[in-house]
Amino acid sequence: MSDHRKASNRDPACLFCKIVAGEIPGDVVHETETTLAFRDIQPQAPTHVLVIPKAHHTDAVAATRADAALMADVVLAAGEVARIEGIADSGYRLVANTGRDAQQSVGHLHLHVLGGRSLQWPPG
């Protein structure tokens with residue numbers, strides 16, 4: 001593992017922390033010093049990429065409280081993913097689920113970048 005992939009705050013039981021550490025493979029789309037973006041293994045749209053901070057934070061509020069600049073990094077990385085995937089001009093959706101009732105399946109902040117087709121509203 002290279003030094004730039006080390007997260008300052010890691011949960012050894014967290015699936016996404018294991019992907020950041022390289023312990024579990026991920027189909028990486030984009031990486032910065034503070035973020036990692038990889039394809040969702042159960043895509044809900046033609047483009048479905050997860051963008052996470054490398055440091056472990058349970059949700060967007062926790063990440064922003066700990067480091068507001070990190071949350072900006074995550075959003076900027078999501079925009080870069082949209083550009084890389086060719087959906088920046090046609091439109092895309094960013095989704096951050098928080099908690100059980102919102103169907104947050106991994107307790108590590110992640111933005112879903114969804115696009116590649118017309119997305120319906122309301123989402124569900």
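A residue is called buried if its relative accessible area is under 20%, exposed if over 50% and partly exposed in between (1.4 Å probe, protein chains only). By that measure phenylalanine 38 is buried, at 3% relative accessibility, and phenylalanine 16 is buried as well, with a relative accessible area of 5%. The model is predicted: local features need pLDDT of at least 70 and side-chain atom pairs count only at pLDDT 80 or more, while totals for chains, interfaces and linings use all residues. Residues are numbered from 1 along each chain as its sequence is written, and side-chain values use heavy atoms, with hydrogens and water left out.

The two phenylalanines make a good starting point. The structure holds 1 aromatic pair, where pairing asks for ring centres (Phe, Tyr and the six-membered ring of Trp) within 6.5 Å, and planes under 30 degrees apart count as stacked, over 60 as edge-to-face and the rest as tilted. Phenylalanine 16 and phenylalanine 38 form this pair in edge-to-face geometry, with 5.4 Å centre to centre and 75° between the planes. Since phenylalanine 16 belongs to helix 1 (residues 15-20) and phenylalanine 38 to strand 2, the pair ties together parts that are 22 residues apart in sequence. Helices (H or I, at least four residues) and strands (E, at least two) are DSSP runs numbered from the N terminus.

Next comes the sheet. Its 5 strands form an open, antiparallel arrangement in the order 1-2-3-5-4, two strands being paired if DSSP finds at least two bridges between them. Strand 1 (28-31) and strand 4 (92-95) stand at the edges with a single partner strand each, so one side of each is left without a neighbour in the sheet. From one strand to the next, the twist averages 20°. Strand 1 is joined to strand 2 (residues 35-39) by 3 bridges, and glutamate 31 has leucine 36 of strand 2 as its bridge partner. Helix 3 (residues 68-85) packs on the sheet and touches strands 1, 2, 3 (47-53), 4 and 5 (111-115), its direction making about 155° with that of strand 3. Contact here means heavy atoms within 4.5 Å, and angles run from 0 to 180 degrees between N-to-C directions of axes fitted to C-alpha atoms, for helices over the stretch in contact.

The largest nonpolar core has 12 residues, including Val29, Val51, Ala78 and Val113; such a core is a set of buried Ala, Val, Leu, Ile, Met, Phe, Trp, Tyr and Cys residues joined through side-chain atoms within 4.5 Å. Helix 3 gives the most to this core, with 5 residues.
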